[in-house]
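Got the viewer open? Let's take a walk through some charged side chains and see what they pair up with.

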Amino acid sequence: MDVRLIRHLWLFLAVAEARHFGRAAQRLGMSQPPLSEGIQTLERMLGARLFDRDRRGVRLTPAGAAILPAVQVFAGQVERLERAVREAVAGRTGTLTVGAINSALLEDLPPMVARLRAARPGLTIAVREIDSVEAVPLIEAGEIDLAFARLEGELGPNIRSRPVATDRLAVALPRDHRLTGMAAVPLALLADADFAMFACRSSPVYFDRVTAACHAAGFAPRIVHEVRAVTSQIAFVACGQGVALVPLRFEGLAPPQVVIRPLAENVEIVAAALVWSDARSNPLVDAAIASFTEPTG
């Protein structure tokens, strides 16, 4: 559509609604001569006279009355488009794509989603389950905007992270295990145990932190099952397939067959971190980050 035609249709609508060139010009913030010239140009473009003038003002010709409803509909659509663009730029609408590890789907993501939707009812949040190791590549590829992952330290030139949940390392034991009667379990007492462990390929930072704690206690963990999620670790323990080192925050999610006890050693871990790229501006990502303050324990 000719941009000049759009401008002249706005002039036509102002005059049609005001039924007076002077009042229409005032409403548009312009003088009357350019307005009159614009209407004449529109009439030449359409090949029809749109207004008849008389001493009381102006009135629509049959041609003007015929096009007025369509112009009003068009004007409403343009206003809605402008509003949608403003809201998208301001981060009040649009789609935020979030990748999250399994534990964050249960603990950290739901509160953020609730806060964002309360502040931005028009926002769409798409969630994708990921492994921690996938977070940075997916963000760099633009497939997700934000990630919840067990990551920390230097992640890349444009990748930023912020811990949103820190925790102590604990041990998940079968209910009939000999160590369940202890209030806190020394890690060295697990030296002979079989472990259900996070796979290194899924969460290398977390894997390194856990195995380093075992080495500091004098042993290398005997890993008999490698899994992608804390819930899977706990499930293996429930099935009698060894023990598992997990964040203490999962104590409330243990089934009756599993007892979770803190370690005697205070092994601090990042249970979840927000990860994003600052290579491109995204007000929705900024809003999500702002919804978190200090990490929770």
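Start by selecting Arg160: this one is partly exposed, with a relative accessibility of 33%. Keep in mind that you're looking at a predicted model. Now add Asp278, whose side chain meets that of Arg160 in a salt bridge, 3.2 Å from N to O. Asp278 is partly exposed too, at 38% relative accessibility. Trace the chain between them and you'll find that the two sit 118 residues apart: Arg160 belongs to strand E6 (residues 159-174), while Asp278 lies in the loop between strand E11 (268-277) and helix H10 (283-290).

Next, pick Arg49, Asp52 and Arg59 together. Salt bridges with shared partners tie these three into one network. The whole structure holds nine salt bridges, so there's plenty to click on.

Then jump to Arg249 and Asp108, where the closest N and O atoms of the salt bridge are 2.8 Å apart. Arg249 is in the loop between strands E9 (244-247) and E10 (258-262), and Asp108 is in the loop between helices H5 (102-106) and H6 (109-119), 141 residues away along the chain. Buried or exposed, what is Asp108? Buried, with a relative accessible area of 5%. Arg249, at 19%, counts as buried because the cut-off is under 20%.

Last stop: select Asp131 and Arg228, another salt bridge with its closest N and O atoms 2.8 Å apart. Asp131 sits in the loop between strand E4 (123-129) and helix H7 (135-140), and Arg228 in the loop between strand E8 (222-227) and helix H9 (230-238). Here Asp131 is buried at 12% relative accessibility, whereas Arg228 is partly exposed at 48%.

Methods: Residues numbered from 1 in each chain as written. Predicted model: local features only at pLDDT ≥ 70, side-chain atom pairs only at ≥ 80, totals over all residues. Heavy atoms only, no water. Salt bridge = Lys/Arg side-chain N within 4 Å of Asp/Glu carboxyl O. Helix = DSSP H or I, 4+ residues; strand = E, 2+ residues; numbered from the N terminus. Buried < 20%, exposed > 50% of the residue type's maximum accessible area, 1.4 Å probe, protein only.
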